[in-house]
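Biologist: I should like to learn how to read the features of a structure that is new to me. May we begin with the display?

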Amino acid sequence: MRPEGRGEHDSLYFTYPQFDAPTEASTDPAPVVIVGAGPIGMVAALELARHGQRSVLIDAKATFNDGSRAICIARASYHILDRIGALAPFLKKSLPWTTGRSFYRGQQILEFAMPDSADDRFRPMYNLQQQYIEQFLWDAVAAQPLIETRWQTRLEGIETQPEGAVLTLTDPYRTYALSARWVLAADGARSTVRRLMGLRLKGENFEGRYVIADVRMAHDYPTIRRALFDPACRPGGTVLIHRQPDDIWRIDYQLTEGESAEEATREDNVRASVQGVLDEIGETREWELEWWSVYSANTLALDDYRAGPVFFIGDSAHIVPIFGVRGLNNGLADAQNIGWKLALVLSGQAGEGLLDSYTPERRGATLDVFANASKSARFMTPPSFGWQLMRDAALSLALRFPWAGDLANPRQMAPYTYADSPLTAPDEGQTGPVPGAMIPDANLGDGFLSERMGPLFTLIAFGEAPKVSHPLLTVITLPPGAAWNAPEGAAWLIRPDLHVAGRWTSLDPAAILATLDRILERP
Amino acid sequence: MSAEPIYDALAAHLDTLGEAKAPLFLAKAALALAQALGDTDMALSILRECAKNLESR
Ligand SMILES: Cc1cc2nc3c(=O)[nH]c(=O)nc-3n(C[C@H](O)[C@H](O)[C@H](O)COP(=O)(O)OP(=O)(O)OC[C@H]3O[C@@H](n4cnc5c(N)ncnc54)[C@H](O)[C@@H]3O)c2cc1C
């Protein structure tokens, strides 16, 4: 929502582009149709294109999503942006951060730093408004001839069979049918594809509801996430404050049980609440209201992220609470995961069985987010008498004992390890990243390990150069100890998404090729 | 160690704080004492024991 007199896309600092509907719309069958050109749909299209695969990307709207929405992009997501070739504008515009501060009744009880080191090419977290995220992804999509985007094109029907789907699409000029071998449903939390296919998100609803409000105010407070527990301006509630580029501050505040969302989102109430928070943190400067919305802390997911030829990616598959900042980041990993797998199947380099690993890997990641987010949610918005009392006890203790402050540590974001995935080989290594884990980056002196990775699979061998060759494999040889304390002879097989497929203490070319074949030759 | 000084101190604190603040005070005390105990299993087992025999008559 925007202040009185301003339209939905009337931002103080961002000009929303206006995209025309296609004048002509080909009805030639498409290998992949991606429904929804939000951040997740665009990343999926870019990952497919990176591996040479065409897609048709449709979106009902004529511009980007309104408002700043998801503003925290995690390190793992920067690796995804790097792999799809979209990184540069993100690095230039976003604000990196490592530190969070928590306050209880005005007193600081905790300062935490997320893990970061000279081996990391990227910082743990970057703040950037979602419309910039979409703008920068769109710039990459528009420059990519393998992606055909159709704006103002709404999916209104879908018929599926095991070997493909027929979509009914409507734009301002026509309604037409388009066949697709595969469909990626990236159409967001209110997914039309999900509804038309009779599928439902399942899970718990948490009571916590937040108003998220952006204000513009010149300021110099560093990019540090602040969490205010039980502040004077909202007794019993929780407030989060984030800095964004362009002098924009994000203020999230929890609604109390009796408060109606309708009342709370009235402009005068938002203004009063924002002023209360700014007074509390001692800000006296002038500010302008930019945008606001309501977000609730849900944990909901589909039982299966695949239905025949349709894969659900991003918010269409799962809705997670805001505290772990996993909504967007989790979706970006979905898009990359299905992107490389589908590309290999489409090019005939892998069997369709490879796609069966999508749900266990990515739904597993969502359930892991739920477990962590539920923990944070219980702290941020205690659901019952017991949790409320213990949370208050911890905060009250934290004023005197640092160990209690640690209970308020949100522990954001570690990429999920695909330990139980059918693609993950039995562990035959000793040091460094385990099978299924995303590899930590390493500073090699003349650049980072992540910059040396091949386009598909990469074998990292420590010591002598191995005699292994495969058309999908890039081989990197490093001196022992150059990364991960790896000893002479150790080897890792890394997937296109930088997760470990297998690791060995001594390099056996046959074992490595067999692991690669097991991934690719899944009927 | 005699339990008596702790017993007396808890009673005195509870009387000073009153019923409304008692739950929060006791929750803080339990958490802090368990932390000082430094033995998670022992603390959890004591909590389980304390949850017994609470029926009013
Ligand atoms: C108001 C709001 C506030 C949010 N705040 C936060 C936050 O603070 N932190 C956070 O981490 N996340 C937040 N999120 C969630 C975050 O925005 C999403 O996780 C993120 O946008 C990724 O979503 P997506 O690409 O899967 O879907 P979306 O960004 O929702 O994109 C879906 C796209 O599909 C298109 N579409 C839908 N139906 C059709 C159809 N039938 N035919 C064609 N196109 C269709 C839509 O036009 C849209 O462009 C917020 C979301 C909302 C709505």
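Modeller: Let us start with one residue: A:Arg181 is partly exposed, at a relative accessible area of 23%. Buried means under 20% relative accessible area, exposed over 50%, and partly exposed in between (1.4 Å probe, protein chains only). This is a predicted model, in which local features need pLDDT of at least 70 and side-chain atom pairs count only at pLDDT 80 or more, while totals for chains, interfaces and linings use all residues. Residues are numbered from 1 along each chain as its sequence is written, chains are lettered from A and ligands numbered from 1 in the order in which they are written, and side-chain values use heavy atoms, with hydrogens and water left out.

Biologist: With which residue does A:Arg181 form a salt bridge?

Modeller: A salt bridge is a side-chain nitrogen of Lys or Arg within 4 Å of a carboxyl oxygen of Asp or Glu. Here the partner of A:Arg181 is A:Glu352, with the closest N and O atoms 3.4 Å apart. A:Arg181 belongs to strand β11 (residues 174-185) of chain A and A:Glu352 to the loop between α8 and α9 (358-380) of chain A, so the pair ties together parts that are 171 residues apart in sequence. Helices (H or I, at least four residues) and strands (E, at least two) are DSSP runs, numbered from the N terminus. A:Glu352 is also partly exposed, at 41% relative accessibility.

Biologist: Is the salt bridge between A:Arg250 and A:Asp252 made by buried or exposed residues?

Modeller: A:Arg250 is buried, with a relative accessible area of 4%, and A:Asp252 is buried at 5%. Their closest N and O atoms are 3.8 Å apart. Elsewhere, salt bridges that share partners join A:Arg75, A:Asp116, A:Asp120 and A:Arg123 into one network.

Biologist: How many salt bridges does the structure hold over all chains?

Modeller: Over all chains there are 35 salt bridges.

Biologist: Which polar contacts does the ligand make with A:Lys61 and A:Thr192?

Modeller: A polar contact is a pair of N or O atoms within 3.5 Å; within protein, one must be able to donate a hydrogen and the other to accept it, and residues adjacent in sequence count only if both atoms are side-chain atoms. A ligand oxygen is 3.1 Å from an N or O atom in the side chain of A:Lys61, and a ligand nitrogen is 2.8 Å from an N or O atom in the side chain of A:Thr192.
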